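Biologist: Could you take one part of this model and walk me through it slowly, beginning with the cysteines and then moving to the part you find worth a close look? I am still learning to read structures, so please connect each step to the one before.

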Amino acid sequence: MQVMLTVDPGLRGCGCAWWTRQEGAPWLLDSAAHAAALPHTPGPGDDDGPEAWNAVVGSVELLHGARFGVRSPDVLCVERMKVYTRGAGDPRDLLALMAVAGGIFRAFHEARPLAPLPSEYKGQVPRDIYGERVEKKVRESGEWSKIVVPKKKTHLNDVMHAVGMGLFLVERGRV
């Protein structure tokens with residue numbers, strides 16, 4: 001059996017989706033959940049620094065371990081950040097997200113790494129609309145029971161983005 005982990009990284013937690021396949025068979029959604037950052041005490045003015053990064057990476061490692069023990073995923077896909085020069089938001093925030101992504105790649109260094117840009121897997125669809133579309137697709141496919149639904153809607157959106165990345169890879173034959 002092969003295992004793929006797809007991750008939508010965040011500073012307070014990550015959307016995670018696990019996929020499995022038997023030799024010669026298609027990838028199937030195994031489960032998906034939000035990995036909330038582990039409790040941590042950042043230094044003064046450092047709420048997006050190394051302590052925060054480690055707390056998020058550790059939570060992804062724990063969730064993966066609960067599902068697959070010490071087995072590393074065979075494929076690891078984490079969204080790659082891109083700075084867009086127009087629009088709202090501080091592009092410096094993306095640097096911390098890339099640090100989280102790098103930590104996840106390091107934690108599962110044995111996996112084949114993939115890092116699609118948001119524009120590759122979701123095009124120009126706004127974040128909330130994309131999450132709703134993926135949720136609808138998962139519900140209609142009868143696989144909603146595989147989703148551990150978090151309390152916060154924004155966390156569910158993170159999970160749906162992780163699922164959407166996996167669907168993109170599977171449906172396009174990228175894995």
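Modeller: This is a predicted model, and a search through the whole of it finds zero disulfides. C16 is in no disulfide, since the nearest cysteine sulfur, that of C14, is 5.6 Å away, whereas a disulfide needs the two sulfur atoms within 2.5 Å. C77 is in no disulfide either, and the nearest cysteine sulfur to C77, that of C16, is 12 Å away. C16 is buried, with a relative accessible area of 0%, and C77 also counts as buried, at 0% relative accessibility.

The part to look at closely is the helix α5, and a good way to reach it is through the nonpolar core. The largest nonpolar core has 25 residues, of which A17, W19, V134, I147, M160 and V163 touch the most other members. Two or more residues come from each of β2 (13-21), β3 (28-36), β4 (75-78), α4 (127-140) and α5 (153-171), and α5 gives the most, with nine residues. V163 shows how such contacts reach across the sequence: leaving aside residues up to four places away, V163 touches T6, A17, W19, A32, V134, V138 and I147. In soluble globular proteins, nonpolar side chains tend to be buried together.

Turning to the helix itself, α5 has 19 residues and reaches 26 Å from its first C-alpha to its last, which is close to the 27 Å expected at 1.5 Å a residue. Of those 19 residues, 15 are buried, so α5 is largely enclosed by the rest of the structure. After α5 comes G173, whose phi is positive, near 65°.

What, then, does α5 pack on? To answer that, one first needs the sheet, which is open and is formed by five strands in the order β3-β2-β1-β4-β5, with mixed pairing. Because β3 and β5 (112-114) stand at the edges with a single partner strand each, one side of each is left without a neighbour in the sheet. Neighbouring strands of this sheet are turned by 20° against each other on average, with direction ignored. Within the sheet, β1 (residues 2-8) and β2 pair in the antiparallel sense over seven bridges, and the bridge partner of M4 in β2 is W19. It is on this sheet that α5 packs, touching β1, β2, β3, β4 and β5, and the direction of α5 makes about 130° with that of β1.

Technical notes:
Residues are numbered from 1 along each chain as its sequence is written. This is a predicted model: local features need pLDDT of at least 70, side-chain atom pairs count only at pLDDT 80 or more; totals for chains, interfaces and linings use all residues. Side-chain values use heavy atoms; hydrogens and water are left out. Buried means under 20% relative accessible area, exposed over 50%, partly exposed in between (1.4 Å probe, protein chains only). A nonpolar core is a set of buried Ala, Val, Leu, Ile, Met, Phe, Trp, Tyr and Cys residues joined through side-chain atoms within 4.5 Å. Helices (H or I, at least four residues) and strands (E, at least two) are DSSP runs, numbered from the N terminus. Contact means heavy atoms within 4.5 Å. The expected span of a helix is 1.5 Å times one less than its number of residues. Two strands pair if DSSP finds at least two bridges between them. Axes are lines fitted to C-alpha atoms, for helices over the stretch in contact, and angles run from 0 to 180 degrees between N-to-C directions.
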